[in-house]
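Morning, everyone. Please have the sequence and the structure open while I talk.

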Amino acid sequence: MNVAGKPAPSAQLERPDSLLVPTWTKTGIALLYDEITENTYEIRLKLTKEVLTLQKQDVICVSGSDHSANHRTVKLRRQPVGGLGLSIKGGAEHKVPVVISKIFKDQAADQSGMLFIGDAVMQVNGINVENATHEEVVHLLRNAGDEVTITVQYLREVPSFLKLPLGSPGPSSDHSSGASSPLFDSGLHLNGNSTNTAPSSPSSPIANEPKYEKRWLDTLSVPLSMARISRYKAGTNKLRSNAFEVLALDGVSSGILQYCTAQESADWLRALSTNINDLTLQNIKMANKCCSPSDQVIHMGWVNERLQGADSPQLYKFKFLALKGSSFYIFSTPPVSTLDWVRAEKIYNLCEVLFKVHKLWLNDDCWLQANLYLGIHQDYELEDQRPYCFSVVVGHSKSHYFNVELGSDLGVWEKSFQRAIFLEVQKTGSKTYMCSWQGESLCFTVDFALGFTCFDNKTKNVLWRYKFSQLKGSSDDGKTRVKLLFQNTETKQIETKELEFQDLTAVLNCIHSFIAAKVASLDPLFIDSQSFARKYTYSN
């Protein structure tokens, strides 16, 4: 099934209905891109619940005695009509081998049963042509007489432009000019120069000769558990066109997988992401068996973090994020054991972080900017062209800027942060911060049940207390000081309270978390109404 919900005609697809999180099994043809040679090679992909398998075509001996596993020598009798029944492409002048690009049905090459599209021509009548030009091989084959002996070797990584798609028509080429192009078919199904005009019997396999077949063989398996997907060129901010790479936790890479259309690329990207996310959920369940009820994993997965600094404003690096218990974790590699949780690069308290969506990519290619936060102004240079971006604001006015591959991933992270923060607020109940005003040492408490309380740090005497509903606004200097505007329930007058904190950002994030959790506890639909990313991602 494709992104639009319609069956994909070019691939076989199954989607079990019994699973809460659908698992995709899928097969299809793709191109493997070689970044060094800039060539593409045709491969077949097989997707299962846990593994992506790459297959390459090869010619194998299925019966008889195989004298050479790598080379096959075939004798062809030139036919009065149809000649050798094959066409070739390539040549040494273009640094590519001469390969068979067409085999015509019921003609000499086809009747031999030993020649295949993608076979590289190694010898013609005992003459080595591995380093021959296209014209030289054409000349040899056209002037080889009625019986031609060809030695071939199947190239598993023959550049895709040297082969025609399966089922492509094979029109005759006009060679009256005597010229041919190495990147176009030279049609050797024509008669060529024959010394014998009498009809010759067609080529046919001899009983005791080996029989060959072209088959798809497994060449690489990429485990999907904790795997990650990248659509961007390594070390750059450039999006690959209809292509991506799958990287396993153990370092195995699929290579650059290219697709003919954006729709086909999106279908495979979604199918792979679905299976990876399904396996991640299983890993979360296994991890939670070893954790206390108050320290459960809510969500985890791969993201791209934008590197901070003037030297690399547009470079991203893979990071693994986790929401577990009371903390937000940032890892360079996923935690695979209980002990791994202590080696996180960064750990933040969930009550003191603020999640906000920055960018969505809608179907009409419009950027949708979103600032979903209260009381904090953080300017970002959104000059990069990556869609599906979010940031997490942490203490001391610092933040982490992330990007995910799919809009659905952005929606999941938004919902997971909301859930993790709300659970932590309800579990914690209250947070108290040291503060001061006009030289006095004070304590400021945010309480899920009572609201805001300020008391003297020495005497513990309560100076003032307000409910969440009484907070009507706030302003701050972006450094340490904040003004909180409360409405007196009796006089209806606005009362201003000024406080100074060592880490103002953490306090403001905490106030936001407690108020949002309080509203969500009173209105269950509040979370969905505030889900900006999921609303636009799924509606588009």
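I will go through two residues in strands and then one helix. This is a predicted model, so please keep that in mind.

Start with Gln-55. You will find Gln-55 in strand β4, which covers residues 51-63. Is Gln-55 buried or exposed? Its relative accessible area is 4%, and buried means under 20%, so Gln-55 counts as buried. Which side chains does the Gln-55 side chain make polar contacts with? One is that of Arg-44, at 2.8 Å. Another is that of Asp-218, at 2.7 Å. Leaving aside residues up to four places away in sequence, Gln-55 also touches others, including Ile-43, Lys-46, Trp-216, Leu-217 and Thr-219.

Next, Ala-120. This residue belongs to strand β8, residues 119-124. Ala-120 has 3% relative accessibility, so by that cut-off it is buried too. Now look at Val-152. Ala-120 and Val-152 are 32 residues apart along the chain, yet their C-alpha atoms are separated by 5.4 Å. With residues up to four places away in sequence not counted, Val-152 is among the residues that Ala-120 touches, and so are Pro-97, Val-98, Val-99, Thr-151, Gln-153 and Leu-155.

Last, the helix. Helix α4 runs over residues 407-428, which is 22 residues. How far apart should its ends be? At 1.5 Å a residue, the expected span is 32 Å. The C-alpha atoms at the two ends of α4 are 32 Å apart, so the model agrees with that expectation. Just after α4 comes Gly-429, with a positive phi of about 85 degrees.

That is the end of the tour.

Terms used:
Residues numbered from 1 in each chain as written. Predicted model: local features only at pLDDT ≥ 70, side-chain atom pairs only at ≥ 80, totals over all residues. Heavy atoms only, no water. Helix = DSSP H or I, 4+ residues; strand = E, 2+ residues; numbered from the N terminus. Expected span 1.5 Å × (residues − 1). Buried < 20%, exposed > 50% of the residue type's maximum accessible area, 1.4 Å probe, protein only. Polar contact = N/O pair within 3.5 Å; in protein donor to acceptor, adjacent residues only side chain to side chain. Contact = heavy atoms within 4.5 Å.
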